[in-house]
Amino acid sequence: MTGRMFMLDVPENVSIVEAVHALPDVKVCRLGPYFVIESDAPISIPRRSTGVRHAVWYSFLAGLDGWRVAQWDKDALRTEAS
Amino acid sequence: MKHVRVGLVVPSSNAGGAAAALGDRHLVTGVDHTAFPTFDPAATVTFYRDVLGFPVVHSICAAGWGPAGHPDFIHFFFDIGGGDRLAFFYYFGLAAPDLADGAGDVYARFPADTPIWFVHSRHLALHVESQEHLLEYRRRLDASEWPVEMQIQHETIESIYTHDPNGYMVEITRAMRPVTPQEDLDANLTIDALVDIAARPGHSMNDLLVRKAELITERAPRWDADRAGDQPASPQPAEAGR
C-alpha cells in the first residue's frame with residue numbers, strides 16, 4: 001500500500017525535501033502548502049543527510065497516511081505500514 | 001436594560017446590535033496584565049525595574065477585604081511593552097513557602113523528582129524585535145544577580161532564559177523570520193487533529209499525525225485555491241529540491 005508523508009513548505013524544511021529526493025522509489029508532490037512524499041514501501045530519512053538541527057528535525061513531520069512512525073531519533077525518521 | 005460590567009447602562013436593543021456587529025471579530029488587543037504572587041518585593045522590583053528596565057506603571061495599596069483572613073496587599077505592575085503589563089501581588093504577613101526541598105517557584109512547588117521540562121513548561125516569554133535588543137537584555141541580566149542561564153538559537157527563534165527572584169522562569173525571545181501564512185494553516189490543522197484525538201484512550205503522536213494527514217488532504221487544496229483564486233488542483237510535482 002502506498003504511504004504518504006506530509007511536510008509543510010517552510011524554509012527550514014527544504015533541505016529535508018532535497019534529501020528525500022535522493023531516496024529510491026520516492027515521489028514528491030505538492031498539496032496546497034505541503035510537500036507530499038509518496039512511496040509504495042516505508043521510507044527512512046537519515047537525519048545527517050538533511051543537514052537540519054534538532055529543533056527542525058523533531059518537528060518537521062506534519063502528517064502520515066498509511067504509515068506510522070517506527071523510529072524518530074537523532075539518526076533517522078523511519079516509517080512502517082500502519 | 002442591560003448592565004455591562006463597566007457599569008454603563010446600555011439599551012438591550014443596542015446591545016444586541018453591537019453583538020451582531022462584533023460577533024465574528026477578534027477584539028482583544030493584548031495582555032492587560034498577568035499576575036503572580038511575590039514574597040520578595042524588593043528583589044522583584046530590582047529585577048524587573050532596575051535590571052531589565054521595565055517601568056512601574058501602576059500599583060494598588062489595598063486593605064484586606066472580602067474573604068475572611070485576606071491580608072492587606074500591594075498589587076503592582078510593570079510595563080512589558082506593547083501596552084501589556086506584568087503584575088505582582090505582595091501580601092503582608094503571608095508566610096513564604098519553603099523552597100529548601102523540591103522544584104518550582106514560590107507559587108507552585110513540585111516534588112524534587114519532577115522532570116525539569118515540566119517545571120519549566122509554564123513560563124513568561126517576552127518578545128524583542130532584533131538580536132541587538134536580545135543581547136542588550138542579556139547584557140543587563142549578566143551584570144545582575146540573575147544572569148542568563150541559557151541562550152538558544154535555532155532556525156526559527158533565538159531566546160535567553162533566566163529565573164526571576166520568585167523562581168518564575170522568564171524568557172526573552174526574537175523570531176528569526178516572520179511567521180508564514182501556511183504556518184497558520186498548519187497550526188490550525190494540528191490543533192483540530194489534537195482536539196479530535198484527545199479523547200481517545202492511549203492516544204499518541206502517531207494518532208495525531210494520521211488525523212492531521214486526513215485534515216491536510218481535506219483542507220490544504222482549498223487553502224491553495226483560495227490564495228490563488230483558482231479551483232482546487234491535483235497534486236503537482238514539487239519544485240523544491242529539484
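**Exercise 1. The contact between the chains**

Work out how many residues of chain A are in contact with chain B, and which elements of chain A supply them.

*Solution.* In this predicted model, 31 residues of chain A are in contact with 26 residues of chain B. Turning to the secondary structure, the elements that give two or more residues to the side of chain A touching chain B are strand 1 (3–8), helix 1 (14–21), strand 2 (27–31), strand 3 (34–39), helix 3 (54–57), strand 5 (61–65) and strand 6 (67–72) of chain A. Strand 5 of chain A gives the most to this side, with 5 residues. Sorted by class, the side of chain A that touches chain B has 19 nonpolar, 4 polar and 8 charged residues.

**Exercise 2. One residue at the contact**

Find the element of chain B that holds Val210(B), and decide which residues Val210(B) touches beyond its neighbours in sequence.

*Solution.* Val210(B) is found in helix 6 of chain B, which covers residues 205–228. Leaving aside residues up to four places away in sequence, Val210(B) touches Leu64(A) and Ser82(A). Its surroundings are then counted: Val210(B) has 19 C-beta neighbours inside 10 Å and therefore counts as partly exposed, since a residue is buried when 20 or more other C-beta atoms lie within that distance. As for its place relative to Asn166(B), the two residues are 44 residues apart in sequence and 42 Å apart in space, C-alpha to C-alpha.

**Exercise 3. The fold of chain A**

Describe chain A by its elements, and test whether its radius of gyration agrees with that of a compact globule.

*Solution.* Chain A has 3 helices and 7 strands, which follow one another along the sequence in the pattern β-α-β-β-β-α-α-β-β-β. For 82 residues, a compact globule would have a radius of gyration near 12 Å, and because chain A has 11 Å, the two agree. Along the principal axes, the C-alpha atoms of chain A fill a box of roughly 30 × 25 × 20 Å. Buried residues make up 43% of the 82 residues in chain A, and among its contacts with a separation of 6 or more, 62% are between residues 24 or more positions apart.

**Exercise 4. An unusual backbone angle**

Locate Asp25(A), and state what is notable about its phi.

*Solution.* Asp25(A) lies in the loop between helix 1 and strand 2 of chain A. Most residues other than glycine have a negative phi. Phi of Asp25(A), however, is near 60°, a positive value in a residue other than glycine. Asp25(A) also counts as exposed, because it has 9 C-beta neighbours inside 10 Å.

**Exercise 5. Domains of chain B and the faces of helix 5**

Give the division of chain B into domains, then show how the buried residues of helix 5 of chain B are arranged around its axis.

*Solution.* Chain B is divided into domain 1 (34–175) and domain 2 (181–228), and the C-alpha centres of these domains lie 35 Å apart. Helix 5 of chain B covers residues 181–197, and its 17 residues should span 24 Å at 1.5 Å a residue, which agrees with the 25 Å between its end C-alpha atoms. The buried residues of helix 5 of chain B are Leu185(B), Asp186(B), Leu189(B) and Ala193(B). Seen down the helix axis, these buried residues fall within an arc of 95°, so they line one face of the helix. The face turned away from this buried side carries the exposed residues Pro181(B), Asp184(B), Ala187(B), Ile191(B) and Val195(B).

Definitions and conventions. Residues numbered from 1 in each chain as written. Chains lettered and ligands numbered in written order. Predicted model: local features only at pLDDT ≥ 70, side-chain atom pairs only at ≥ 80, totals over all residues. Domains from an automatic or database assignment. Helix = DSSP H or I, 4+ residues; strand = E, 2+ residues; numbered from the N terminus. Expected span 1.5 Å × (residues − 1). Buried ≥ 20, exposed ≤ 12 C-beta atoms within 10 Å, placed from the backbone. Arc of directions from axis to C-beta. Contact = placed C-beta atoms within 7 Å. Nonpolar A, V, L, I, M, F, W, Y, C, P; charged D, E, K, R; others polar. Rg over C-alpha atoms; globule rule 2.2 N^0.38 Å.
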